[in-house]
Each structure stands twice: as C-alpha cells, then as structure tokens.
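Trainee: Please choose one part of this structure and take me through it closely, beginning with the chain as a whole and then narrowing down step by step. I am new to it, so I would like the reasoning spelled out where there is any.

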Amino acid sequence: MSWAGPEDIYLSTSLASYLDKKLLVLLRDGRKLMGILRSFDQFANAVLEGACERVIVGELYCDIPLGLYVIRGENVVLIGELDLEREELPPHMTCVSAAEIRRAQKAEREASDLKGTMRKRMEFLDLD
C-alpha cells in the first residue's frame with residue numbers, strides 16, 4: 001500500500017474537473033492530442049475518447065483520428081481544456097489530408113537537416 005501525499009490529492013482533483021471535457025494534451029515528443037477525457041489515475045495516465053493527433057506544419061494542419069487512446073502519464077507535458085465556444089485555429093490555417101501533412105513534415109525535416117549539414121560544413125572556415 002502506498003501513501004498518498006497532498007500533491008496526489010491536488011493532481012486528482014484538478015484532472016477530475018476535466019472529466020468528460022475536450023482537452024488538448026501536449027506530449028514530451030511534441031505531439032498534440034485532442035479528445036474527451038474519460039478516465040485517469042494517480043499517475044496522470046489518461047484515456048481519451050475520440051482522440052486525434054493535430055499535426056501542424058507552417059500554415060497547414062491535419063487532425064489524424066486515433067479513436068480511443070491511452071496516454072502514459074510520464075509522457076504528458078501539459079493538459080488544457082479546449083474552449084468549444086472559440087475557434088481552435090487562426091483563420092489563415094489550411095486543413096489538408098494526412099498524406100499532404102506527412103509530405104510537408106518530410107520537407108520541413110529535410111530542410112532542417114540540410115541547414116544543419118550546411119552549418120557543419122561551414123564550421124571549418126572559422127569566420128570569427
């Protein structure tokens with residue numbers, strides 16, 4: 001049997017206030033998940049119903065459906081309630097297909113890799 005300290009009580013009461021509400025969950029690896037919180041435990045492990053991953057690249061975005069999703073608490077960075085009365089995204093954002101967002105992610109990754117490679121190649125010049 002483990003002892004529950006006061007911080008455990010605060011965690012459970014704050015997550016309890018989010019039950020049956022639409023949440024945004026930011027994970028350690030940078031992914032953003034949205035869904036309705038259906039259950040949680042003292043470790044902040046959570047179950048989202050109707051979950052989707054929101055992928056954003058520049059001004060493009062895509063919500064990739066995940067269904068019922070279990071999130072391990074140690075991977076959670078931030079949990080916040082979504083305001084259903086307000087628009088979730090600025091009007092200039094464009095919704096695209098999952099295939100299009102994956103292509104955009106790949107192009108962004110390749111551009112970032114190229115930038116890093118160029119930086120390494122230029123280091124030998126020691127321009128200081």
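Mentor: Let us begin with a term: a contact means that heavy atoms lie within 4.5 Å. This is a predicted model, and among its contacts between residues at least 6 apart in sequence, 51% join residues at least 24 apart. The protein chain has 128 residues, of which 23% count as buried, and it exposes about 9,300 Å², with carbon and sulfur atoms supplying 56% of that area.

Before narrowing down, follow the chain from its N terminus, where the order of elements is α-β-β-β-β-β-β-α, giving 2 helices and 6 strands. The strands form an open sheet with mixed pairing, and across this sheet they are ordered β5-β1-β2-β3-β4-β6. At its edges are β5, residues 76-81, and β6, residues 94-95, each of which pairs on one side only.

The part I would choose is the pair formed by β3 and β4. Strand β3 covers residues 46-57 and strand β4 covers residues 60-71, and the two run antiparallel to each other, joined over 10 bridges. Two residues separate these strands in their hairpin, where Gly 58 takes a positive phi near 60°. If you look across from one strand to the other, you will find Ala 51 opposite Gly 67 of β4, while Glu 53 has Ile 64 of β4 as its bridge partner. Strand β4 also pairs with β6, this time in the parallel sense and over 2 bridges, and there Leu 60 stands opposite Thr 94 of β6. Helix α2, residues 98-123, packs on the sheet and touches both β3 and β4, its direction making about 55° with that of β3.

Within this pair, Arg 54 deserves a slower look, and you will find it in strand β3. Is Arg 54 buried or exposed? Its relative accessibility is 9%, and because buried means under 20%, Arg 54 counts as buried. The side chain of Arg 54 makes a polar contact with the side chain of Asp 63, at 2.7 Å. Leaving aside residues up to four places away in sequence, Arg 54 touches Lys 32, Met 34, Tyr 61, Cys 62, Asp 63, Glu 88 and Leu 89.

That list includes a cysteine, Cys 62, which leads to a last point about sulfur atoms. The structure holds 0 disulfides. For Cys 52, the nearest cysteine sulfur is that of Cys 62, 8.9 Å away, whereas a disulfide needs sulfur atoms within 2.5 Å, and so Cys 52 is in no disulfide. For Cys 62 in turn, the nearest cysteine sulfur is that of Cys 95, 5.9 Å away, and Cys 62 is likewise in no disulfide. Both cysteines are nevertheless covered: Cys 52 is buried with a relative accessible area of 13%, and Cys 62 is buried with 5%.

Terms used. Residues are numbered from 1 along each chain as its sequence is written. This is a predicted model: local features need pLDDT of at least 70, side-chain atom pairs count only at pLDDT 80 or more; totals for chains, interfaces and linings use all residues. Side-chain values use heavy atoms; hydrogens and water are left out. Helices (H or I, at least four residues) and strands (E, at least two) are DSSP runs, numbered from the N terminus. Buried means under 20% relative accessible area, exposed over 50%, partly exposed in between (1.4 Å probe, protein chains only). Accessible areas come from the Shrake-Rupley method with a 1.4 Å probe; for residues, only the protein chains shown count as cover. Two strands pair if DSSP finds at least two bridges between them. Axes are lines fitted to C-alpha atoms, for helices over the stretch in contact, and angles run from 0 to 180 degrees between N-to-C directions. A polar contact is a pair of N or O atoms within 3.5 Å; within protein, one must be able to donate a hydrogen and the other to accept it, and residues adjacent in sequence count only if both atoms are side-chain atoms.
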